[in-house]
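Please examine the structure shown here before reading the explanation below. The text proceeds from the arrangement of domains and chains to individual backbone features.

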Amino acid sequence: MPAQSQIHARPRRVPLLAGRLSRPAGAHLRYRWYVPYLFLLPGLSLYLLWMVYPLGYEFYISFFDWKIMPGQTSQYIGLENYRRVLDDKYFWLSLENTVRYTVVTVIGQMVIGLALAVLVHRVFIAKRLFRAIYYLPVVTSWVVVSFLFQFIFSSHPGGLANYVLTQLGLLSAPVAWMSETKTAWVIIYTLGIWKGIGWSMVIFLAALQGIPVELYEAAAIDGAGEWGQFRRVTLPLIRRTTLFVLVALIIGGFQVFISVYLITGGGPLHRTEVVLSYMYDRAFDRLWFGYGAAISYILAAIVVFISFVQMRFFRQTDEE
Amino acid sequence: MSILPRTQRGFQITILIILIAGAVIAVTPMVYMVSTAFKPAAYVPEFPPRFIPSNPTLENFRTAFASRNFDRAFFNSAKVAVATSFVVTALASMMAYAFARFEFPGKTLIFYSVLAMMMVPTMMLIIPQFILARRLGLQNSHTGLVMVYAAGGMAFNMFLLRGFFEELPRELEESALIDGANQFVIFTRIMLPLARPALSTVAVFSFLGAWDEYIWALTILTDPAKRTLPIAIQNFRGAHATDWGLVFAASLTAVVPTVLLFIFFQRYFVQGISTGALKG
């Protein structure tokens, strides 16, 4: 950060010109007008270059039959990419798969995460230890756990999943998990839930710890049992948190990629494709960059729409 | 637990049993990974599965480090993750300070634009980012990785730090200002040391994000000498016959540093994710 050290070296006695007050009367925080912009400059330029500019550029690309190879010219084709995407049965299949993945894993993560949070909140010993153990899968890399689950769900009778499930009597014979799309999804769903529970658990736990004990005591005096206390005290008071977790998980669910890409690769014949894996395939395997850009924009529109619905919902619940 | 009344004791024991069962499910896959990493030539799973290898060996680790630039990948990942962590912490804290302490034209607009961009799925931008990286000659360059990782983490970390700065009392800065210190001195000498817990959170999160990142690295790195760990691990996963012992030895090498970081900085992890939740 050379800019910063230069400013350090400047003599301090330079009169403060055109200083603005950062807060009303009584404050002494005077500074020259450009100082805040200097603080913003490095971070904001990086952000503009790699996030904001690509966002606009991608919109532009999505109107072209984009050629990545040197020497070829990209051709403007208007809305053709969007039209083709919306006519593409594999796109709709990938969207359906994404929605299904989101529904299954979000429900799984929320229900189990909340249940575990309630139990960890109530347990008398080893609270921190349990929290740490449940969070462990969250910090492990997606690449590693994708391979790990592939191995665990091996079709071999000694595959951990096959072995445990047959021993427990839940399966009569070892399953070739990867040979059918249905069972391949079981691997991906299980991984999604297993890896995400710790995150929702920690957030729910923080919310539970913010509820005053007196409320439970009052509910108990009114004759509410465990379940009654949970429904009448806990659930209403963690509503904001629940909404936050719900929306964050939905947005995350729509972005599922690595597990699908590494476990099934979207195959066979695109049948297990999700939106991002299909986009990646079109763009980086077929080199249909315009097409991929259109898919990206459609996905982003869906995600942003969900975020807006959530914000409205937040505002409504706040007013109540 | 003997001090608890009888019904309480039964209740506690039930909770404990459920929690332990949950914990077993949470860690079993990891334990299985660790044990497989120490088993010789694991092309198919053993029957019955064993968690303690019958004849444990370090062969997989030796083979992993001897082949395909794996040690190089480890070093590359460390370099990229440290650089990302440093860049994000420095730049996000400067931005956060500007938003927390100054009034300036465009403040609200810039702040909310950055915040709104957080909704955009990062991977959605991979196509234009790829074209941009090619144009800037950043294919096969770690600078290209660090810049994209840093830009991707900027908004969230700025948001987290701004919340922290806003809660710091202004009196310290004000007295320093009377003593003649300028804003940059105040920022580096007063604000940053006070914000150390929040800065650690940001540094650790960004380190882990970069260490584990896969898609962008996969997309712009083709030179084997430039590869990062996730790509190197993927290369051990053969198309037909996979030596899983080797895959998991490599995986374990990548996972152990993250788990250590998590154990040492557990407090900050919890802080980081709950801040997001309470303010989001």
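The paragraphs that follow treat the domains, the chain contact and then the backbone in turn.

The model under discussion is predicted. In chain A, the domain assignment places domain 1 at residues 2-78 and domain 2 at residues 83-319. Where these two domains meet, domain 1 of chain A contributes eight residues and domain 2 of chain A contributes seven residues. On the side of domain 1 of chain A that touches domain 2 of chain A, helix H2 (35-61) and strand S1 (64-65) of chain A each supply at least two residues. The largest share of that side, three residues, belongs to H2(A). Sorted by class, the side of domain 1 of chain A that touches domain 2 of chain A holds five nonpolar residues, one polar residue and two charged residues.

The contact between the chains comes next. Here 79 residues of chain A are in contact with 80 residues of chain B. On the side of chain B that touches chain A, helix H1 (residues 6-37) of chain B gives the most, with 13 residues. The composition of this side of chain B is 60 nonpolar, 13 polar and seven charged residues.

The backbone deserves separate attention. Most peptide bonds are trans, and most residues other than glycine have a negative phi. Against that background, two peptide bonds may be inspected, one in each chain. In chain A, the bond from Gly267(A) to Pro268(A) is cis, with omega near -5°. Pro268(A) is placed in the loop between helix H12 (258-263) and helix H13 (275-285) of chain A. In chain B, Phe47(B) and Pro48(B) are joined by a cis peptide bond whose omega is about -10°. The loop that holds Pro48(B) runs between H1 and helix H2 (59-66) of chain B.

Which residue in the loop between H12 and H13 of chain A has a positive phi? The residue is His270(A), with phi near 65°, although it is not a glycine. His270(A) lies in the loop that also contains Pro268(A). Because 18 other C-beta atoms lie within 10 Å, His270(A) counts as partly exposed. A positive phi is found as well at Ala126(A), a residue other than glycine, at about 60°. Ala126(A) is located in the loop between helix H4 (89-122) and helix H5 (127-139) of chain A. Why is Ala126(A) assigned to its exposure class? Ala126(A) has 15 C-beta neighbours inside 10 Å and therefore counts as partly exposed, since a residue is buried at 20 or more and exposed at 12 or fewer.

Methods. Residues numbered from 1 in each chain as written. Chains lettered and ligands numbered in written order. Predicted model: local features only at pLDDT ≥ 70, side-chain atom pairs only at ≥ 80, totals over all residues. Domains from an automatic or database assignment. Helix = DSSP H or I, 4+ residues; strand = E, 2+ residues; numbered from the N terminus. Nonpolar A, V, L, I, M, F, W, Y, C, P; charged D, E, K, R; others polar.
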